[in-house]
Amino acid sequence: MHARRKFANKLAEGSDLFSIVPMRLFAACLLGMAVVQGWVIAKKFAAGAVLTLAILVTCILLFGSEISPVLVLLGAYNFLGFVDPNTFARIPGIFKLRDLLLLSTVFVASIRTFFVRGSFNALQVFPVRATFTYLTYVILVAAYTVAAGHGTLNLALRVAEPYFYYLVMIPVIVFVSSRRKLSVLLVALLALSLVSQLVMVFPFITHHSLSPFTGLSWTHVGGVNIPRTYVLSFHLTGVVLLCLFGIYLYSPSKRTRDVSVASGVAVFSGVILTFGRAFWIGTVGSVLFLFALACVHSNKRGILLKRIRGLWLKAAAAAALTMIFLAIIGKEGLLLRSSDLIGQRFASTFSDVAGVKGSFGIRLEDGAFRIELFKQNPLFGVGYVHESSEFAAELPRRDVQTGDSGVITVLAQAGLVGLAAICALIAIFLKRGLSIFKRVRNPLLKGVSLGIVSFYVQAIIMFAGLTGTAFTDQAGICTIGLAVGLQEVLLRVDGESTQA
């Protein structure tokens, strides 16, 4: 009885982010759940739809309502590549199967807000109101698409569907109402990130994908073919990595710092193995921003600088181990060869930009049609669908939206006004995030807040560099929406712990 009461008290306090056993059990179940989900949907679509909603309800009942935003995130990432996107993302009409997860979760959160006494009203939060204003603008662009004769309302809303994933911030704000629930959500996000690293590393060892639904391609670097797995996990990996670094800098608990830096090193190794040059640059820029912001707003700079130096050394060790791993699995025999691969890949970024070649040149070439659409109406764009595309009737996403450059997509869809609207929304998120970071007093929560603000910077760097789709793809938008909601939860939980 005494041991059970002690465990219950520990669970309620959430004093150690990594100490709660049910969280570990939940993390272990995530991969199995994704595999089962993918198999059922591939066999029976109707059964897959029922299973999707059943998983949502079951997880809420077993683990708490704070898990529902994680399921929405899983849906946005196509269950990290364990489901067939051609079946999971397809449903007759406007909405897709993954959209049902979002709509169901937002609907339940809204019902709870208005009918359950004591629930936090998400509409009181300024970023939420700003998001609704932006989504109103999205609906107006969809109406403009129809009025211009470029497509039907159904097609326009199907293409605009990713922008509504910002709404995941509402269930985060409403459901994550305590320190314990916040801990569950953060550990679940860490588990998802580690699973995505496993999916990405697996082809390096076996030369085969862990799942038949993950995209596998080969990149030729320095005479060596490097496997690259596309599971759309860049943004999830980025926010988790930066939050882990923030926790390491601020947490007073040595055990928490050790676990966070060990997890961070594992995730950082995965960042290197993506061989995504834009992701590398965005990560370097956001980490430097994280260190600079931490030093500017710290009363203990000596301790902070010591931890920053330690983090640099651990990151360097992770890079060295990654190079050794590449040398072993690539059978190159020389460590310098693997090091040269990473150096060549990084340096080629600048030569590609200067010479307008490589993947940068391909992106500009692929975006040429969209740039021409932007020139037709620089102020307002052409809308979400354009009649000149042969794919307009069946594959509207190949019409105005690109798969690599969010900036070109926005300019083609909504022109300079649309780009200004997204920039305004980003500015609101960033300003609010900085304000919350300065106000939070709890060291661990402050570290998470610092990581989220730095993640905004990472997304902005990639977006501005014509390589990121953080603000036009459902996976990136869902991650940003979840991060915005988390910031509000951090402030509320910190305030409640301070009052206590």
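Which residues do ring pairs link into a cluster? In this predicted model, the cluster is made up of Y134, Y137, Y163, Y166, Y384 and F429, joined to one another through ring pairs. The count of aromatic pairs in the structure comes to 10. Among them is the pair formed by F455 and Y456, which is tilted, with 6.5 Å from centre to centre and 45° between the planes. The rings of F463 and F471 provide another example: their planes stand at 85° and their centres are 5.1 Å apart, so this pair is classed as edge-to-face, the class that applies to planes over 60 degrees apart.

The accessibility of the residues in these two pairs was also computed. F455 has a relative accessibility of 0% and therefore counts as buried. Its partner Y456, at 5%, likewise counts as buried. In the edge-to-face pair, F463 is buried because its relative accessibility is 6%, and F471 is buried because the corresponding value is 2%. Each of these assignments follows from the cut-off for burial, which is under 20% relative accessible area.

Aromatic rings are also found beneath charged side chains. K446 is positioned over the face of F437, at 4.4 Å from the ring centre. A second such arrangement involves an arginine: R492 lies over the face of F120, and here the distance to the ring centre is 4.5 Å.

Definitions and conventions: Residues are numbered from 1 along each chain as its sequence is written. This is a predicted model: local features need pLDDT of at least 70, side-chain atom pairs count only at pLDDT 80 or more; totals for chains, interfaces and linings use all residues. Side-chain values use heavy atoms; hydrogens and water are left out. Rings of Phe, Tyr and Trp (its six-membered ring) pair if their centres lie within 6.5 Å; planes under 30 degrees apart count as stacked, over 60 as edge-to-face and the rest as tilted. Buried means under 20% relative accessible area, exposed over 50%, partly exposed in between (1.4 Å probe, protein chains only). A charge sits over a ring if NZ of Lys or CZ of Arg is within 6 Å of the ring centre and within 35 degrees of the ring normal.
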